[in-house]
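Here is a short report on charged side chains and on how two helices meet. Please keep the viewer open as you read.

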Amino acid sequence: MFDSLDEELKATVHTWESRSNGWQTLQIDFGTWDDADLAALVEWSRAPACVADVSDSSLALVTGLDTTGQRWQAWLNLDIAAKFLAEEPEDLEDQILWLDTPAFHEAVRHKRAELDAEIPTDAKGAVAWAAAAGIPATPQIVRIEELLRSHETFVEDLFTALLDQLGFPQAAQPSPEP
């Protein structure tokens with residue numbers, strides 16, 4: 001898949017964390033990945049794949065897809081996601097002024113509760129995806145749910161922890177500088 005990319009786009013793909021047993025974690029520059037690319041990656045690799053669409057290290061939408069087309073999604077950092085996804089009133093004239101109103105805070109609480117209610121399903125989807133990827137470990141759903149409810153500031157760390165909790169081989173530690 002990456003061989004077919006033009007050189008400019010290929011330059012946006014970087015190795016992120018190495019994992020054993022052939023698992024690769026890549027970082028792709030913002031704006032170059034599209035949701036349809038996940039299906040193309042799964043088709044090309046003939047293996048399940050997962051992407052975390054990260055925004056400013058504070059928010060991520062994680063999407064996994066297996067070879068049968070089963071898909072799961074979960075937000076990392078629900079508090080930020082709820083603020084981002086809170087339903088705005090139709091007659092909203094100035095979003096900045098709305099952000100400091102009781103109506104905004106109520107909309108955020110409502111969205112946060114909705115997202116929290118989805119976590120058990122999201123966690124089960126993640127575990128099923130890892131099993132489809134051939135991960136032999138049996139992850140603890142409770143730990144996955146805790147992770148999905150985490151307030152960790154850096155969602156990149158949450159994504160790494162999610163892969164670890166799902167049973168993927170641990171990321172290799174970088175070699176110490178001489």
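## Asp116 and its partner

In this predicted model, Asp116 is partly exposed, because its relative accessible area is 24%, a value that lies between the 20% limit for buried and the 50% limit for exposed. Its side chain meets that of Arg112 in a salt bridge, with 3.6 Å from N to O. Both Asp116 and Arg112 belong to helix α5, and they sit 4 residues apart, about one turn of the helix.

## Arg112 reaches across to α3

Which other acidic residue does Arg112 form a salt bridge with? The partner is Asp79, and the closest N and O atoms of this pair are 2.7 Å apart. Arg112 lies in helix α5 (residues 102-132) while Asp79 lies in helix α3 (residues 78-85), so this salt bridge ties together parts that are 33 residues apart in sequence. Asp79 is partly exposed too, with a relative accessible area of 29%.

As general background, side chains of opposite charge can pair when their charged atoms come close.

## A wider network

Another salt bridge links Arg149 with Glu145, where the closest N and O atoms are 3.7 Å apart. Are these two partners buried or partly exposed? Arg149 is partly exposed, at a relative accessible area of 28%. Glu145, in contrast, has 16% relative accessibility and therefore counts as buried, since the cut-off for buried is under 20%.

Salt bridges with shared partners join Asp79, Arg112, Asp116, Glu145 and Arg149 into one network. Across the whole structure, a search finds 7 salt bridges, and those described above are among them.

## How α3 and α5 pack

Now for the helices that the Arg112 and Asp79 pair ties together. The axes of α3 and α5 are 8 Å apart, and the two helices pack at an angle of about 125°. The two are therefore oblique to each other, and α3 passes α5 in a right-handed crossing.

Which residues make this contact? On the α3 side they are Leu78, Asp79, Ala81, Ala82, Lys83 and Leu85. On the α5 side they are Phe104, Val108, Lys111, Arg112, Leu115, Asp116 and Ile119. By type, the residues of this contact divide into 8 nonpolar, no polar and 5 charged.

The salt-bridge residues Asp79, Arg112 and Asp116 thus reappear here, since α3 contributes Asp79 to the contact and α5 contributes Arg112 and Asp116.

Definitions and conventions. Residues are numbered from 1 along each chain as its sequence is written. This is a predicted model: local features need pLDDT of at least 70, side-chain atom pairs count only at pLDDT 80 or more; totals for chains, interfaces and linings use all residues. Side-chain values use heavy atoms; hydrogens and water are left out. A salt bridge is a side-chain nitrogen of Lys or Arg within 4 Å of a carboxyl oxygen of Asp or Glu. Buried means under 20% relative accessible area, exposed over 50%, partly exposed in between (1.4 Å probe, protein chains only). Axes are lines fitted to C-alpha atoms, for helices over the stretch in contact, and angles run from 0 to 180 degrees between N-to-C directions. Angles under 35 degrees count as roughly parallel, over 145 as roughly antiparallel, 65 to 115 as roughly perpendicular and the rest as oblique. A crossing is left-handed if the near helix is turned anticlockwise from the far one by less than a right angle, and right-handed if clockwise. Contact means heavy atoms within 4.5 Å. Ala, Val, Leu, Ile, Met, Phe, Trp, Tyr, Cys and Pro count as nonpolar, Asp, Glu, Lys and Arg as charged, and the others, Gly among them, as polar.
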